[in-house]
Amino acid sequence: MCGIVGILGKKPVAPLIVDALKRLEYRGYDSAGVATVEGGKLDRLRAKGKLVNLEQRLDENPLSGTIGIGHTRWATHGAPTEENAHPHFSSNVAVVHNGIIENFKPLREELTEAGFSFASQTDTEVIAHMVCHGINQGLSPEKAVHECVKKLEGAFALAILFREHDDLMFGARNGPPLAIGHGEGELFLGSDAIALSPFTNKITYLDDGDWCKLERDGYTVYDIDGNEVSRETQTSVGASLMVDKGNYRHFMQKEIFEQPEVISHALVHYLDFAEGKVRDIEGQPFDFSDFERLSITACGTASYAGQVAKYWFERYARLPVDIDVASEFRYREIPLSPNGLALVISQSGETADTLASLRYCKQEGQKIGAIVNAKDSTIARESDAIFPILAGPEIGVASTKAFTCQLSVLAALAIQAGRKRGKLSQEQEEQLVQELSETPRLASEVLKLEEQIDNLARDLSHYKHVLFLGRDTNYPLAMEGALKLKETSYIHAEAYAAGELKHGPIALIDEEMPVVVIAPYDHIFEKTVSNMQEVAARGGKIILITDERGAKEAAMDGAQIIIMPDMPQIITPILYAIPLQLLSYYAALHLGTDVDQPRNLAKSVTVE
């Protein structure tokens, strides 16, 4: 959520900051602003809505300072108005902030008593006033920032400017990510490497509790106690990644169609097709045979990938799996065996609840495996083993290619676990690897169904409610399909295990309730068909996603059928996700919603 960019540059930085903020639009935001320092003066422009509104303001009133900070805001405290947009000022201080300051109310009361007045409803404004209060009491900028940061409770990433210093910027991080970028006689701050990629590929990530002082000729990083510390500078891939829709209408559409390629990249990384086996993962410090129980935790779409993986690990490795959404897991005080393994799944590697769950598991003596798209993220850095999904930047807020790459990696790990634990023979491993190798080709075949799915979505967009049903690995897939439809089109959707239909949800079925059924022809297909018949008998509109044999066996009048290619069971959750993504994308398109940046949503949820 939100985005931060700071530049100590050689030329006017406001246009550069706005350009960098565009690379963070995928995070979701509702307002934006930029502030610069020049000649002992702080200047600021802010605008509600999209960055184009801020650009228009800058065209009318250019800011010429060579040091500046910028921000895209996703509202937490206070409505998305210009007054609540960042940067926030306090006479001689400007600040931008990602996160939530949990103790802002008592801090605000203290500052009000000290004579400060507030122009916004945000928690962020207290930071500007606290630093300013320190300066007014005779503290140096460095000391004022440190004293402020020590008093803050909650999650935050900060960038701070001072009116009287045009060669000085501070940053601080506790939770949401923040990185220093290194240029030639220039320094940068940013929420991630993509934001800084136009300027540099040399990145230093701050650790939790770190704060930093930046000047054009160098920087210093301190820990929360004020001790100078060293953090590794690394070369980031962010600079080499183009954030471009190409010939596609939206990032979501582009990312759906990238799936054959990125799934191939993920599988090649984990599978040796020539030998018919899962590769030994470089740097993996544990063996699945060491563990008797596995815990999986994640949020949103990633949690549904984890739920699919539960079926795989239990089926192929006979390894019991506990799974919970991270926002519940972190607070349940779960008793964990000291020699257990925890897998955490996060596209960004910065998801706050997932990170907190990781730390709980670590505290309980678990080994940690991170399934992430960002190999230099906080979750990756704090894990024992990193399993990159290699999806490339995912800009659309609604996750598509990251989900199928997560599933691809989890399938490979489940096979590895089965082989290491002696539950799969060499021949069975070879067979499963061969089956997974077919995924990219079959994904290309599924994408050819786009026109048919577009037509179905046009019809679906006229309804206000939709049910999704599935069994086995298709149950979490049904939940993912419902989530996609909700977040892109704003149509209310729910998902159930198909066998649960008669235990309550069937009461909802009538002519105004479409039901999407995910049912490849498998050992439980007949059970799912009986549920479809119950829906049909009550006038429900059915969209059935199945294969040739499933379509023939269902033989149900009135059902609209998406016929998928025949495929092995292990890859059905990966490939049956694609028509669900296309259905959601085109429903949203026909309803005219903001497909890539749905209302109220952020790409990376870095606070609770």
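**Helices, strands and cores: how the names are earned**

Modeller: Let's start with two helices of this predicted model: α15 (residues 439–447) and α20 pack with their axes 10 Å apart, at an angle of about 25°.

Colleague: Why are α15 and α20 called roughly parallel to each other?

Modeller: Angles under 35 degrees count as roughly parallel. The angle here is about 25°, and therefore α15 and α20 earn that name. As for handedness, α15 passes α20 in a right-handed crossing.

Colleague: Which residues make the contact between them?

Modeller: From α15 come Thr439, Leu442, Ala443, Val446 and Leu447, and from α20 come Ile574, Leu575, Ile578, Pro579 and Leu582.

Colleague: What makes the largest nonpolar core a core, and where does its largest share come from?

Modeller: A nonpolar core is a set of buried residues of certain kinds, Phe and Trp among them, joined through side-chain atoms within 4.5 Å. The largest one here has 95 residues, and those with the most contacts inside it are Trp312, Phe313, Phe387 and Phe468. Helix α20 (residues 572–591) gives the largest share, 13 residues. Another core lies apart from it, with 28 residues, including Val95 and Phe116.

Colleague: What is phenylalanine 468 in contact with, leaving aside its neighbours within four places in sequence?

Modeller: Its contacts include Ala478, Leu485, Tyr496, Val516 and Leu580.

Colleague: Now the sheet. What makes β3 and β15 edge strands?

Modeller: Look at the order of this open sheet of eight strands: β3-β2-β4-β1-β10-β9-β11-β15, with antiparallel pairing. β3 (41–48) and β15 (233–235) each pair on one side only, and that makes them the edges. On average, neighbouring strands are turned by 20° against each other, direction ignored.

Colleague: How do you know that β10 pairs with β1 and with β9?

Modeller: Two strands pair if there are at least two bridges between them. Strand β1 (residues 3–8) is joined to β10 by four bridges, and four bridges also join β9 (residues 179–182) to β10. Both pairings therefore pass the cut-off of at least two. On the β1 side, isoleucine 7 stands opposite phenylalanine 188; on the β9 side, histidine 182 has leucine 187 as its bridge partner, and alanine 179 stands opposite glycine 190.

Colleague: Which way do the residues of β10 point, and are they buried or exposed?

Modeller: Leu187 and Leu189 point one way, Phe188 and Gly190 the other way. In a regular strand the side chains alternate between the two faces of the sheet. All four are called buried, because buried means under 20% relative accessible area.

Notes
Residues numbered from 1 in each chain as written. Predicted model: local features only at pLDDT ≥ 70, side-chain atom pairs only at ≥ 80, totals over all residues. Heavy atoms only, no water. Buried < 20%, exposed > 50% of the residue type's maximum accessible area, 1.4 Å probe, protein only. Contact = heavy atoms within 4.5 Å. Axes fitted to C-alpha atoms, helices over the stretch in contact; angles between N-to-C directions. Parallel < 35°, antiparallel > 145°, perpendicular 65-115°, else oblique. Left-handed = near helix turned anticlockwise from the far one by under 90°.
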